[in-house]
Amino acid sequence: MSDIPGPEEFRAEARRWLTGVAKTRAARQEWGRGDDSVAVFENRTEAEEREHTDRTREWEHTRYDQGWGALDWPKEYGGRELPAHYEQLYRAEEAAFDVPRRTEIFPVTQQLVAPAIRVWGTAEQKRRWLRPMLRTDELACQLFSETEAGSDLAAVRTRAVPDGDGWMLRGHKVWTSGAQVATWGVAVCRTNPGVPKHAGITVFLVRMDAPGVTVRPIRQMTGGSSFNEVYLDDVFVPDADRLGPVGEGWRVTLTVLAAERLDSGGLGLGNADRALDLARHLPRPLTGGERQQAADLFVRALVQRLIGLRVSAALVAGREPGAEASVGKLHATATMRATTDLVQQLLGPRLAADTGEWGTFAWTEHLLGAPGYRIAGGSDEIQRTILAERVLGLPKEPKGAGS
């Protein structure tokens with residue numbers, strides 16, 4: 001007889017536990033009061049980021065130590081060996097409680113990097129990193145993107161050359177979330193420039209406080225610095241910190257990217273709901289066009305939630321979502337654009353004037369931040385290519401084709 005609780009039993013159990021360790025969040029924020037932030041990317045100072053990270057880490061420690069972290073992981077790593085979708089069931093319950101909101105560094109560590117180590121790591125690497133990362137004693141960022149490579153991750157130029165019992169890394173990474181607070185960085189490097197680009201890549205875990213690592217915040221047009229650029233200037237990495245075989249880094253990278261796309265289905269739904277609240281509380285009747293836009297956004301948000309359920313259903317069935325993840329990512333960015341369009345129509349000039357009025361100028365942070373998700377986690381163009389090739393069965397476009 002299985003000792004896995006049914007979904008409703010599990011949610012009730014989670015609710016009881018959360019009630020004992022956290023305060024209930026207000027069921028719905030009162031319109032016109034409290035925080036009106038709808039920022040897509042956080043705009044904290046480095047000191048604020050560190051303080052929030054410490055508070056979130058303390059909560060993650062509580063979860064893990066009391067059996068509510070790493071739910072789908074084996075018991076040897078502190079998990080409960082529950083089906084993968086039970087994490088989403090837990091998150092649905094946790095949303096009703098006043099606990100720290102996880103910044104990107106936490107899901108990157110627990111849901112992207114740790115699973116990649118589980119697949120590709122040696123026994124010693126698993127012993128060293130998995131429990132500390134699942135508990136968030138160690139946090140990891142992604143040293144993936146480069147200015148010269150654009151959306152083509154296989155075109156990375158950061159070099160790693162053999163040096164004694166390790167490797168010497170030199171290069172430049174950009175758009176790195178959480179680099180200021182991370183203890184490790186997962187670096188995609190070129191180890192063999194003389195072979196086809198996908199075959200000459202190797203992945204390393206780099207200490208973010210190692211000599212030669214420099215983190216510089218990137219100031220965004222929203223005014224904050226959620227992202228960073230990271231310079232690797234002759235950074236020595238022991239071979240024991242290499243993840244996966246030499247030259248197999250592209251396969252390691254795909255393991256991380258697949259998990260990233262699975263985690264993107266809920267993007268922007270909170271802001272879509274807030275935009276619909278704005279439409280309900282507008283101090284004038286909506287025009288016919290505005291009513292149509294609001295209805296369109298409502299339907300888009302509903303469909304996005306249904307796509308999320310399809311991703312969960314794929315996990316329940318024991319298969320890794322493919323098309324569902326790409327469709328979900330594309331739909332999420334379209335929902336974010338529709339949110340922007342509706343808010344612009346409803347507020348007009350009030351959106352651009354910082355008068356101090358609640359729920360108006362704050363929307364500029366959504367307007368300026370939302371387009372970034374057309375690139376983050378795999379650009380829209382890449383998602384469409386995945387669907388064209390893997391779902392529709394279309395042939396790859398020959399090099400040099402097109403205008």
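Begin with the protein chain as a whole, shown as a surface: the accessible surface comes to about 20,000 Å², of which 53% belongs to carbon and sulfur atoms. What is on screen is a predicted model, and all the values in this tour are computed from it. Switch to the C-alpha trace, which spans about 70 × 60 × 45 Å along its principal axes. The radius of gyration of the protein chain is 22 Å, which agrees with the value near 22 Å for a compact globule with 403 residues. Of these 403 residues, 48% count as buried, and among contacts with a separation of 6 or more, 73% are between residues 24 or more positions apart. Coloured by secondary structure, the protein chain shows 11 helices and eight strands.

**The nonpolar interior**

Next select I117, M133 and L205, which are the residues with the most contacts inside the largest nonpolar core, a set of 31 residues. At least two residues of this core are supplied by each of α4 (105-120), α5 (123-135), β4 (184-190), β5 (201-207) and α6 (249-262), and the largest share, seven residues, comes from α4. Centre the view on I117 and, leaving aside its neighbours within four places in sequence, display its contacts, which are Q125, K126, W129, L130, M133, L205 and L243. Another core, of 22 residues, lies apart from the largest one, and I105, C141, W167 and F204 are among its members.

**A buried residue in a loop**

Now move to L153, in the loop between β1 (140-143) and β2 (159-163). L153 is buried, because its relative accessible area of 12% falls under the 20% cut-off. Beyond its neighbours within four places in sequence, L153 is in contact with F144, S145, W250, T253 and L257. A distance label drawn from L153 to W184 should read 20 Å, C-alpha to C-alpha, for two residues 31 apart in sequence.

**Helix α3 and its charged network**

Select residues 86-94, helix α3, which is mostly covered, with seven of its nine residues buried. The buried ones are Y86, E87, L89, Y90, R91, E93 and E94, and these pack against α1 (7-21) and α2 (46-65). Side chains of opposite charge can pair when their charged atoms come close. Here E87, R91 and E94 are linked with E60 and R63 in a network of salt bridges. Within that group, zoom in on E60 and R63, whose side chains meet in a salt bridge with an N to O distance of 2.9 Å. Both lie in helix α2, three residues apart, or about one turn of the helix, and both are buried.

**From α2 to α5**

Add D65 and R135 to the selection, and a further salt bridge appears, its closest N and O atoms being 2.8 Å apart. D65 lies in helix α2 and R135 in helix α5, so this pair ties together parts that are 70 residues apart in sequence. R135 also forms a salt bridge with D137, where the closest N and O atoms are 2.8 Å apart. R135 is partly exposed at 22% relative accessible area, and D137 counts as partly exposed at 34%. Over the whole model, the count comes to 28 salt bridges.

**Last stop: a nonpolar patch**

Finally, return to the surface and select F298, V299, L302, V303, L306 and L309, which make a nonpolar surface patch of about 540 Å². One of these, V303, has its place in helix α8 (residues 288-316) and is partly exposed, with a relative accessible area of 31%.

Notes: Residues are numbered from 1 along each chain as its sequence is written. This is a predicted model: local features need pLDDT of at least 70, side-chain atom pairs count only at pLDDT 80 or more; totals for chains, interfaces and linings use all residues. Side-chain values use heavy atoms; hydrogens and water are left out. Patches are made of residues with over 30% relative accessible area and no salt bridge: like charges are joined within 9 Å, nonpolar side chains (Val, Leu, Ile, Met, Phe, Trp, Tyr) within 5 Å. Accessible areas come from the Shrake-Rupley method with a 1.4 Å probe; for residues, only the protein chains shown count as cover. A salt bridge is a side-chain nitrogen of Lys or Arg within 4 Å of a carboxyl oxygen of Asp or Glu. Helices (H or I, at least four residues) and strands (E, at least two) are DSSP runs, numbered from the N terminus. Buried means under 20% relative accessible area, exposed over 50%, partly exposed in between (1.4 Å probe, protein chains only). A nonpolar core is a set of buried Ala, Val, Leu, Ile, Met, Phe, Trp, Tyr and Cys residues joined through side-chain atoms within 4.5 Å. Contact means heavy atoms within 4.5 Å. The radius of gyration is taken over C-alpha atoms; the globule rule is 2.2 Å times the number of residues to the power 0.38.
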